[in-house]
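Subject: Handover of a structure

Dear colleague,

Please find below the structure that I am handing over to you. My notes on it follow directly after.

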Amino acid sequence: MDVKLKSLAQTPLLLEPNRVWRFYEGGKMIERFQGNSAGADSLYPEEWVGSTVQAVNPGEHYKTGEGLAVISRGLPEPVPLKSLTEQFPEEMLGAAHVKTYGTNSALLVKLLDSAIRLLIHAHPTKAFALEHLNSCFGKTEAWFVLSTRPEVDDPYVLIAFREEIGRKRYRELLDKQDVKEMMRIMHRVSVRAGDVVYVKAGLPHAIGEGTFMVELQEPTDFSILLERSCAGFTLREDESFLGLDPSLTLSVIDHRVYSEKEVQDELVIKPKRLRKQGESAEYQLLGYDTTECFAGHRLEVRGELGDATYGRFSILIVLDGEGKLQHRGGEIPLRRGTEIFLPASIGEHVFQTATQMTIFKSMPARV
Ligand SMILES: [Zn+2]
């Protein structure tokens, strides 16, 4: 066993930028967020933070290793995060986590910035993934809106059906690619910074243009693309339906009709304060009371805020401000855009700032 690598599994790990190719444009806000004021939109609109998941782009756009996070600061050569979680699962992920999920991190965290409206799509449930995709995970996800572009008047997302639509009729809409009607039968929900939307696997959804967010997901890249053309790319049917028979794949689409109130009550999640320490506080943005798949918290640090890993790992993104993270083995400077994988073995630690600092804390599936 490599002693040096093992010591890495016992220290907070600074993550390198890890952009992923997609067939839609965006990413300018990620560039700005990371301090590059001249950064522009490109076909790299997503940053996969602390990811141990391979990105699955269609056809010739599939690139082995894309999506996988790497640790390189202070090392003679880069080490894939995945090799650390596989070699030192208990230190990295935590004993209870390993018991339940093996060496799978059971979490995918992204920064996503869409310049255009994204395709209407859906994701498989766990049960479907287990039966047809040889995976213990489907893809429930959640959106935590960080900002919206000022030039977009009414930023929005599309989610769930708002009127009854039979499977046969929906299939006809898909075959015709009647996007106008596909959009009309979905809820259009206005969003702004701070909003949290829960996207249960199976629900049709799309992110509107100009929305910059943290996205938490189950650790897969399975998408059922209900809409097939986007910014000059047109996907074939077999690329849109997970390589399975379309009617089988479409059987996982959740046709439940939501009222506006049900969308607000069940899919738009209200944050709650969990604790306060002096002027600092921790808020639950979305917790295990909504889904077992992941949790997202916001740490508001004024002066100091103590925290602990309680035997589980987390992935941190500094959203705003600057300061440092003090832990048993030393300290790490933090500033807006810093991304950290915090191994389960870290235990108690303290966030400190002379001004203020806001941190997004992502946690994996419940054990
Ligand atoms: Zn999605």
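How much area do domain 1 and domain 2 bury between them? In this predicted model, the two domains bury about 2800 Å² between them, with 73% of that area on carbon and sulfur atoms. On the side of domain 1, P12, F33 and L107 lose the most area to domain 2, and together they account for 23% of what that side buries. The domain assignment places domain 1 at residues 3-267 and domain 2 at residues 272-363. Their centres, taken over C-alpha atoms, are separated by 23 Å. In terms of contacts, 39 residues of domain 1 meet 32 residues of domain 2. Across this interface, zero salt bridges are found.

Metal site

The zinc ion is coordinated by the NE2 atoms of H121, H123 and H205 and, through two OE entries, by E141, at 2.1 to 2.8 Å. Along the chain, these donors follow the spacing H-x1-H-x17-E-x63-H. Distant parts of the chain are linked here: H121 belongs to strand β7 (residues 121-122) and H205 to strand β12 (residues 205-207), 84 residues apart. H121 and H205 are both buried.

Sheet

Six strands make up an open sheet with antiparallel pairing, in the order β2-β3-β6-β13-β8-β11. Its edges are β2 (19-20) and β11 (196-199), each of which pairs on one side only.

At the β2 edge, two bridges connect β2 with the antiparallel strand β3 (residues 46-49). Within that pairing, V20 has E46 of β3 as its bridge partner.

At the other edge, four bridges connect β11 with strand β8 (residues 141-148), and these two strands also run antiparallel. W143 is partnered there by V197 of β11. From β11, V196 and Y198 point one way while V197 and V199 point the other way, and all of them are buried.

Salt bridges

The count for the model comes to 30 salt bridges. I describe some of them below.

The side chains of R19 and E31 meet in a salt bridge, with an N to O distance of 2.9 Å. This pair joins strand β2, which holds R19, to helix α2 (residues 28-33), which holds E31, the two residues being twelve apart along the chain. Which class of accessibility applies to R19, buried or exposed? R19 has a relative accessible area of 19%, and because buried means under 20%, R19 is buried. E31 likewise counts as buried, at 19% relative accessibility.

D41 and R149 form a further salt bridge, their closest N and O atoms being 2.9 Å apart. D41 lies in the loop between α2 and β3, and R149 in the loop between β8 and β9 (156-161), so the pair ties together parts that are 108 residues apart in sequence. D41 is partly exposed at 26% relative accessibility, whereas R149 is buried, with a relative accessible area of 5%.

In the pair R236 and E239, the closest N and O atoms are 3.4 Å apart. R236 counts as partly exposed at 48% relative accessibility, and E239 is partly exposed with a relative accessible area of 22%. Elsewhere, R22, E46, K110, K139 and D221 are joined into one network by salt bridges that share partners. E46 of this network is also the residue of β3 that partners V20 in the sheet.

With kind regards

Notes:
Residues are numbered from 1 along each chain as its sequence is written. This is a predicted model: local features need pLDDT of at least 70, side-chain atom pairs count only at pLDDT 80 or more; totals for chains, interfaces and linings use all residues. Side-chain values use heavy atoms; hydrogens and water are left out. Donors are N, O and S atoms within 2.8 Å of the metal (3.2 Å for Na, K and Ca); water is not among the atoms, so sites may look incomplete. Buried means under 20% relative accessible area, exposed over 50%, partly exposed in between (1.4 Å probe, protein chains only). Two strands pair if DSSP finds at least two bridges between them. Domain bounds come from an automatic or database domain assignment. Contact means heavy atoms within 4.5 Å. Buried area is the accessible area (1.4 Å probe) that two parts lose on being put together, summed over both. A salt bridge is a side-chain nitrogen of Lys or Arg within 4 Å of a carboxyl oxygen of Asp or Glu.
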